[in-house]
Amino acid sequence: MAKQQGGLERAKASVQSERDEFFDLSLDMLCVAGSDGYFKKLNPVLPKKLGYEMEDLLSQPFLSFVHPDDKERTVQVMRSLRHGKDVVDFENRYRCRDGSYIWLSWSCRAPVNRETMYAVAREVTARKKAAEALETAKRDAEKAREVAEQANRAKSDFLANMSHEIRTPMNAVIGLTELVLETKLTASQRDYLSTVLESGESLLSIINEILDFSKIEAGKIELDLVPMNLREQIGDTMKSLAIRAHRKELELAWRIYPDTPDALLGDPTRLGQIVLNLVGNAVKFTDKGEVLLEVNCDSRTDSEAVLRFSVRDTGIGISEDKLAMIFEAFTQADTSTTRKYGGTGLGLAITSRLVRLMDGR
């Protein structure tokens with residue numbers, strides 16, 4: 001009986017020795033704390049992290065090392081532990097000997113006897129700083145985005161509101177030049193004024209595109225729903241392009257299929273602008289052959305119709321990988337075409353946005 005008792009004691013002593021060795025060699029911070037607010041036992045990791053001697057930490061309440069802003073939360077965690085609730089990944093800051101603070105993440109086991117608490121901690125200072133830096137970067141990016149949006153809105157509002165002031169003098173220049181061209185002029189004068197008229201019309205077209213794009217960006221364009229005759233509207237729009245096509249000796253044609261409804265409610269001005277941009281673009285990039293506009297009805301109900309507008313030309317074409325890009329502002333499929341054909345790269349961007357306003361694509 002005595003031998004059995006001695007063997008049991010040795011086994012207990014061996015287990016305790018292994019526990020003590022594990023406690024001292026663990027890479028984590030292992031702590032045993034009492035309900036009186038003092039550490040009862042620590043492994044060497046926490047003192048080493050904080051730069052204190054072991055006795056410094058054992059002789060003072062551990063709350064005295066906690067950052068003032070974290071003390072209340074730490075007290076609440078201690079109350080939870082005393083009420084038998086485990087705590088996982090609780091984070092607070094501990095003061096180092098040099099006055100700086102490090103972040104610790106605690107996982108604590110609720111005490112069985114409510115007198116002794118067991119906890120393990122790991123330093124998470126680097127992670128917290130990275131998270132704070134990321135949050136700061138997000139806030140800065142958000143502020144920068146807001147500033148950029150405000151600046152963009154201010155620019156768009158300015159241009160949208162300046163529409164009349166910018167267009168009016170250009171229209172006057174063009175109108176008066178046309179009147180002068182109807183008078184008796186020398187050949188040189190007529191040549192000079194024809195150049196002025198052509199340049200003025202080109203400049204007005206660019207101004208119109210920029211102002212329209214700015215209005216769309218500023219949300220100042222609203223569609224008018226008025227009765228319109230589709231065939232008449234398309235015919236008038238295409239006739240306005242006929243002179244341009246004739247100058248290049250192009251065949252310009254349009255076809256509206258019989259099943260396409262004629263009497264519609266819509267915005268004839270904006271529909272005409274879309275057709276002008278699409279067909280005008282085709283004429284600009286076509287040097288010989290034809291440009292054809294087709295309109296057919298994709299689907300219809302008693303109250304709505306979905307129309308498909310298709311433009312086909314015999315021009316320079318465009319590669320498939322550039323199809324989406326050409327609808328972006330200030331963009332052309334091939335930058336070299338800008339020098340040869342001119343343009344702002346806004347026509348198709350305006351068209352795309354107007355189509356979206358009409359719930360189309």
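This predicted model carries a negative surface patch made up of Glu178, Glu182, Glu198 and Glu201. The chain comprises 11 helices and 10 strands, and 34% of its 361 residues count as buried. Salt bridges number 14 in the structure as a whole. The points below treat the surface, the fold as a whole, the salt bridges, one buried aspartate and two residues with positive phi.

**Surface patches**

- Glu198, one of the residues in the negative patch, belongs to helix 7, which covers residues 187-217.
- Glu198 counts as exposed because its relative accessibility is 60%, and the cut-off for exposed is over 50%.
- A nonpolar patch on the surface is formed by Leu223, Leu357 and Met358. Together these residues have about 210 Å² of accessible area.
- Met358 is placed in the segment that follows helix 11 (347-357).
- Met358 has a relative accessibility of 31% and therefore counts as partly exposed.

**The chain as a whole**

- About 23,100 Å² of the chain is exposed, and carbon and sulfur atoms supply 53% of that area.
- Among contacts between residues at least 6 apart in sequence, 57% join residues that are at least 24 apart.

**Salt bridges between separate parts of the chain**

- Asp56 and Arg97 form a salt bridge in which the closest N and O atoms are 3.1 Å apart. Asp56 lies in helix 3 and Arg97 in the loop between strand 3 and strand 4 (101-109), so this pair ties together parts that are 41 residues apart in sequence.
- Within this pair, Asp56 is partly exposed, with a relative accessible area of 22%, while Arg97 counts as exposed at 53% relative accessibility.
- A salt bridge also joins Arg231 to Asp262, with 3.1 Å between the closest N and O atoms. This pair links distant parts of the chain, with Arg231 in helix 8 and Asp262 in the loop between strand 7 and strand 8 (263-266), 31 residues apart.
- Arg231 is partly exposed, having a relative accessible area of 30%, and Asp262 also counts as partly exposed, at 24% relative accessibility.
- Lys248 forms a salt bridge with Asp287, and here the closest N and O atoms are 3.7 Å apart. The two residues link distant parts of the chain: Lys248 is in the loop between helix 8 and strand 7, and Asp287 is in the loop between helix 9 (268-284) and strand 9 (290-300), 39 residues apart.
- Lys248 has a relative accessible area of 26% and is therefore partly exposed. Asp287 likewise counts as partly exposed, at 44% relative accessibility.
- Asp70, Arg73 and Arg93 are joined into one network by salt bridges that share partners.

**Asp70 and its surroundings**

- Asp70, a member of that network, is located in the loop between helix 3 (54-58) and helix 4 (71-82).
- The relative accessible area of Asp70 is 2%, so Asp70 is buried, given that buried means under 20%.
- Apart from neighbours within four places in sequence, Asp70 is in contact with Asn92, Arg93 and Trp103. Arg93 thus appears both among these contacts and in the salt-bridge network.
- Asp70 and Glu91 are 21 residues apart along the chain, and 8.7 Å separates their C-alpha atoms.

**Residues with positive phi**

- Asp89 is not a glycine, yet its phi is positive, at about 55°.
- Asp89 is placed in strand 3, which consists of residues 87-95. With a relative accessibility of 53%, Asp89 counts as exposed.
- Glu249, another residue other than glycine, has a positive phi near 60°.
- Glu249 lies in the loop between helix 8 (230-247) and strand 7 (251-256). The loop between helix 8 and strand 7 also holds Lys248, the partner of Asp287.
- Glu249 is exposed, with a relative accessible area of 71%.

Technical notes: Residues numbered from 1 in each chain as written. Predicted model: local features only at pLDDT ≥ 70, side-chain atom pairs only at ≥ 80, totals over all residues. Heavy atoms only, no water. Patch = residues over 30% accessible without salt bridge, like charges linked within 9 Å, V, L, I, M, F, W, Y side chains within 5 Å. Areas by Shrake-Rupley, 256 points an atom, 1.4 Å probe, with all protein chains shown as cover. Salt bridge = Lys/Arg side-chain N within 4 Å of Asp/Glu carboxyl O. Lys, Arg positive; Asp, Glu negative; His and termini not counted. Charge placed at Lys NZ, Arg CZ, Asp CG, Glu CD. Helix = DSSP H or I, 4+ residues; strand = E, 2+ residues; numbered from the N terminus. Buried < 20%, exposed > 50% of the residue type's maximum accessible area, 1.4 Å probe, protein only. Contact = heavy atoms within 4.5 Å.
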